[in-house]
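Thanks for sharing this one with me. Here are a few notes to read with the structure open beside you.

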Amino acid sequence: MLKSGVYLQMAPVLFGRGTFATIAENAKKLGMTRVFLITDKGIPETSPVTNAKKMLEDAGLSAVGWNGVQPDAPEQVIKDAAAIARRERVDGVIGIGGGSSLDTAKLVSVVTVNGDEVLKGPTLVENLMAVLTGQKTERDLYPKKPLPLLLISTTAGTGAESTYVAVVSSIDLDIKVGLVRAGDFAIVDPSLTDTAPPIVTAFTGLDAFSHANEALTDEKNTAHADLLAYEAMRLIAKWLPIAVKDGANNEARDNLALASNFAGISFSESGVHIGHSAAHALGHKYHLPHGMCCAWATPAVIEFVAKDYPEKTKKIGAAMGIDVKSDDPKVIGKTVADAVRALMKDVKLPSPKEKGLTKEQVTSLKPLIYKEPLCETYDGVVTEQDVVTLLDTIYDRF
Ligand SMILES: [Fe+2]
């Protein structure tokens with residue numbers, strides 16, 4: 001019997017090479033006249049993104065640029081940005097960048113009009129739970145309608161343009177937590193990923209792969225999420241090594257941007273679980289890129305879930321071009337995990353050892369991971385011993 005569940009339909013997405021040129025047209029369609037334009041500082045000069053302000057102004061809009069984005073959106077940074085947006089009397093927000101920029105734009109669109117109170121720890125948790133349990137939708141959460149929001153992704157990894165939660169580092173709670181806000185419109189223009197260096201291409205692509213992988217076995221999983229997840233994995237397995245070797249291969253870049261968006265829709269609807277618990281702990285503790293930590297966890301997650309989901313694990317293999325003959329869940333898990341390990345080596349992802357981590361540093365994260373809320377969203381049982389095995393596997397069997 002197929003599992004019942006909600007198919008989430010997020011912001012419409014305009015996909016395609018060159019679609020960034022429609023930024024002003026789409027901002028106008030959303031009713032914007034004075035835009036708060038959020039970008040991060042690391043934009044290469046060759047990127048079309050550097051022209052965004054001029055493109056808006058040439059079309060008769062005014063724009064206030066702000067590039068103070070920080071990873072995992074510290075609460076104070078969001079409050080400061082929203083204060084500027086309020087003072088500048090903007091009537092719309094555009095976020096351009098990777099996950100942190102898009103999440104910051106989501107947060108600012110809400111906080112600018114609703115005030116800092118919506119960032120209070122209990123309010124964030126209450127709102128998130130109300131949406132996750134289906135009691136409320138975004139429309140019911142905020143006293144004032146958030147500012148119109150256009151999201152433009154520049155990395156093929158997070159899929160944040162199609163997710164409905166923005167990560168914020170809460171002062172009250174002293175953890176990362178989610179604020180509920182989807183974009184009103186998204187643009188995925190693969191040409192914006194053309195300047196990503198090989199290592200960034202590798203770990204963002206593998207981050208998207210991990211979203212698809214974990215979405216298959218999250219408790220909110222649906223058949224619709226699966227469809228997108230398998231296709232995202234097929235595209236990444238095929239095109240990631242090509243894009244890493246030749247960043248100018250447009251076909252590879254296009255397919256990875258599409259895969260990242262598919263994986264984003266899939267995990268926004270379904271969810272991610274222990275792989276991301278481990279990745280959050282590793283990234284937070286040792287200041288490592290999110291995608292790299294997610295990639296390290298992926299083969300270990302595949303070996304862990306294979307006992308509960310042998311058929312799904314086989315299908316991951318099929319998406320990667322491997323016909324797993326065995327019906328033994330252990331063999332299935334190992335075969336498919338080894339294929340992901342081969343993909344990681346092919347794209348030259350460094351191992352935990354190569355990044356200077358000791359085994360003790362990795363295994364000491366067990367209590368942190370076991371306490372992480374995402375550890376509970378796997379559609380099955382996770383024991384403390386499972387977390388120990390996961391961490392051993394991450395370190396020993398890269
Ligand atoms: Fe991720």
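1. Let's begin with the salt bridge in this predicted model. Arg-17 pairs with Asp-254, and their closest N and O atoms lie 2.9 Å apart. The count of salt bridges between domain 1 and domain 2 is one.

2. It helps to have the domain bounds at hand here. The assignment splits the protein chain into domain 1, covering 13–192, and domain 2, covering 196–396. Taken over C-alpha atoms, the centres of domain 1 and domain 2 are separated by 26 Å.

3. How many residues of domain 1 are in contact with domain 2? There are 16 on the side of domain 1, and they meet 19 residues of domain 2. The area buried between the two domains comes to about 1400 Å², with 57% of it on carbon and sulfur atoms. Within domain 1, the residues that lose the most area to domain 2 are Arg-17, Ala-156 and Gly-157, which together account for 33% of what that side buries. Arg-17 is thus worth a second look, as it also forms the salt bridge with Asp-254.

4. On polar contacts, six residue pairs are found across the interface of domain 1 and domain 2, with both residues at pLDDT 80 or more. The side of domain 1 that touches domain 2 is made up of seven nonpolar, six polar and three charged residues.

5. Finally, a word on the cavities. The structure has four of 30 Å³ or more, and the largest has a volume of about 80 Å³. Residues lining the largest cavity include Thr-154, Thr-155, Ala-156, Thr-193, Ala-196, Arg-253 and Leu-256. Ala-156 is also among the domain 1 residues that lose the most area to domain 2.

Key: Residues numbered from 1 in each chain as written. Predicted model: local features only at pLDDT ≥ 70, side-chain atom pairs only at ≥ 80, totals over all residues. Heavy atoms only, no water. Domains from an automatic or database assignment. Contact = heavy atoms within 4.5 Å. Buried area = accessible area lost by both parts, 1.4 Å probe. Salt bridge = Lys/Arg side-chain N within 4 Å of Asp/Glu carboxyl O. Polar contact = N/O pair within 3.5 Å; in protein donor to acceptor, adjacent residues only side chain to side chain. Nonpolar A, V, L, I, M, F, W, Y, C, P; charged D, E, K, R; others polar. 1 Å grid on protein atoms, 1.4 Å probe; cavity = no way out; pocket = protein on both sides within 12 Å on 5 of 7 lines; lining within 4 Å. Points joined across faces, edges and corners; volume = space filled by probe spheres on them.
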